[in-house]
Every structure is written in C-alpha cells, then in structure tokens.
Amino acid sequence: MENFPAIELLNVGKSYGRKNALEDVSLTLSARQCLALVGHNGAGKTTLIKIILGLLKPDAGTLNVLHADPGRRQFNQLRRNIGFLPEQVLFQKTLTGRETLAFYARLKGVAVNNLDPYFERVDLQDAADRRVGTYSKGMRQRLGIAQALLGQPKLLVLDEPTSGLDPVARQNIYRILDDEKKNGTAVLISSHVLTELDDRIDRVAILNQGRLVAQGSIPLLRHHINMRSRLRIRARQDTCESLVAAFRLELPVERISGEEILLRCRPDQKMDVLSRVMAMEEGILDIELVDPSLEEVFNAYSATGPAFREDSNG
C-alpha cells in the first residue's frame, strides 16, 4: 500500500457559541504511521476526532480523510475502511461477544462466519460465546479493539485504547498496532497515559486550548526547545570531582553523592559530553543517559505554548 496521507487537516476551526473548541489546526497522518493526539481535558481532542470521523462539521478550514471530505455523503462508503474505538466502550450486555462482533461485522460488510481470528488477537477466544454482561472492563475494552480491527481498516482512530487493561494486555494491544502499521494502516491514538507512548509512536500532536502548539517526532520537539537530557554518572570520588571541575562552567551539574553526579545537556551537546566523560573511563563505574520523555515534552509545550510544526523550519 502506498504511503498516502490518511488524514489531512488545513486550518480547521470549530466553535461552540463564543468558545473556540479548535482554532487553525493543521496536521497530517500518513499510512504506516502512528500519531498520538495529546492534550489536557478540554483541549479539543474529542472535537477533533469527531470532525475526522465526520460526526461534526468544522466551521473553518478543509480536511480530507482517506482522500475524501468526511462531511459529504459519499464518505459513507469509506467508513468501512475506518476502525474506531471510543473512549467509553458500551455494548449490549445481553449479547454474547460473538453476537456483538457479528453485529459490527455486518455494518462493515465483513463475513460473520470467520470471527475467531479477531477474538484470538485480543485473547478473548475463551469468552467469545459468553454474554458481554459477564465481561470485566478490560475484556470489554479488548472486544472494542476487536471491533475496530474488523475489515482490515486503512485508518484506526483509538481513544484511550489501553484503558482498563493490565500490563500484559497493553503490551499485546501495542503489538497489534505495530502489525497494523506494517500492513499499511494509519493509527491515531488519543491518550492521557503518556508514559507508555514514548517508544510506541512516530509523531505527536499537542493540543492546548484548541490550538495545535506542536507537531512532530519526540526528538524533533525536544530539539526545538532545547530540552536537556540527563546524564547520570556513577564514578570514583576523585573522578566525580574531576567531572564537576570540567563541566561546571558549561552545564548544570548536580552532585548527588560522593560517587554520583548528574549532568544536564542540550541535544547538540550530548555526543561531545559523552565523549569527554568516556575519556575518563578508568574511573567511571556506570553511565545512564535519559532523554526527556513525552510527558516532559508535553508539559513544556503546554506551559509555554511555543507553536511548532515539523515543517515550520522549511
């Protein structure tokens, strides 16, 4: 499958009365990519998702989803190519898991006589013929993931996909999403659980009070605002003293203990600092390099609001 843009938004806006829910939002999501949409409550994430799905019409701007305008009637035929998981998964409790999945399969034009692979992917094969009313929250969430996967969607829109899941189930969901990406699917995730997204996404879009304040890969966003990486060094006491003397005029240096120090360096300084530290290898006992996490990047952009897009530097 070609690397087509599954979502293209240009200067999209939406207001409710005098309140701007979205203002001048532009973003893209291509096939084989995973984009995290993050923001505080009320930032506009739900409104943006509804616009992408064609459930709301924007007041301004243009958008294409799977090469079509979601607000037009012709888009209905493309809905079969979209898998959607809402934040709150609600199913009819009196139906079995199989009956529930069959209902959504018919809506998507998917054969209902071969649903077992979907149950197996989300580890629900032993509960497929039980009533949904007997399912735990985590099981209902996994059933929701299964219905979103019906029909090999070209676009997955997932709102809090790991809500209520235990660590093993969360890992399995992200393995499924990796497989979908490899098959050409574009994945949009909205989540508050930023700590588990760092190594799972290709790009992030940060919304703040209806405005898109940043869009790009996590390393690119770190670099744009010169967020410092943390270099924790454990070494002999005399080596720690030499390191403090060598860097105290250049970098923030924190003496944690007699045998441990913490250096904070900008992205463009990392390789030079590491090289100089490793030159003292005889006295070095351990080195840990920690880059700013997605949560730290999000907090920085939400606090300062430095609007940045990955193409803004040309």
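Contact means that heavy atoms lie within 4.5 Å. The model is predicted, so local features need pLDDT of at least 70 and side-chain atom pairs count only at pLDDT 80 or more, while totals for chains, interfaces and linings use all residues. Residues are numbered from 1 along each chain as its sequence is written, and side-chain values use heavy atoms, with hydrogens and water left out.

**Exercise 1. Describe the surroundings of F247.**

Step 1. Locate the residue: F247 belongs to helix α7, residues 237-247. Helices (H or I, at least four residues) and strands (E, at least two) are DSSP runs, numbered from the N terminus.

Step 2. Classify its exposure. Buried means under 20% relative accessible area, exposed over 50%, and partly exposed in between (1.4 Å probe, protein chains only). F247 has a relative accessible area of 1% and is therefore buried.

Step 3. List its contacts, leaving out residues up to four places away in sequence: F247 touches V253, L263, V273, R276 and V277.

Step 4. Compare sequence with space: F247 and V277 are 30 residues apart in sequence, and their C-alpha atoms are 9.9 Å apart.

**Exercise 2. State how β1 pairs with β2 and with β4.**

Step 1. Apply the criterion: two strands pair if DSSP finds at least two bridges between them.

Step 2. Take β1 (residues 5-16) and β2 (residues 19-30): they pair in the antiparallel sense over 8 bridges. One bridge partner in β2 is L27, which faces L9 in the pairing.

Step 3. Examine the hairpin of β1 and β2: 2 residues stand between the strands, and G17 takes a positive phi near 65 degrees.

Step 4. Turn to β4 (residues 60-65): its pairing with β1 is also antiparallel, over 5 bridges. Here I7 has V65 of β4 as its bridge partner.

**Exercise 3. Describe the nonpolar cores.**

Step 1. Define the term: a nonpolar core is a set of buried Ala, Val, Leu, Ile, Met, Phe, Trp, Tyr and Cys residues joined through side-chain atoms within 4.5 Å.

Step 2. Identify the largest core: it has 51 residues, and V204 and I206 have the most contacts inside it. Helix α4 (residues 137-149) gives the most to this core, with 6 residues.

Step 3. Find the second group: apart from the largest core lies another of 31 residues, including L22, I52, L155 and V157.

Step 4. Inspect I206: beyond four places in sequence, the residues that I206 touches include V38, L221, F298 and Y301.

**Exercise 4. How many disulfides does the structure hold?**

Step 1. Apply the cut-off: a disulfide is a pair of cysteine sulfur atoms within 2.5 Å.

Step 2. Give the count: the structure holds 0 disulfides.

Step 3. Check C265: the nearest cysteine sulfur, that of C240, is 16 Å away, and C265 is in no disulfide.

Step 4. Assess exposure: C265 is buried because its relative accessibility is 2%, and C34 is buried at 4% relative accessible area.
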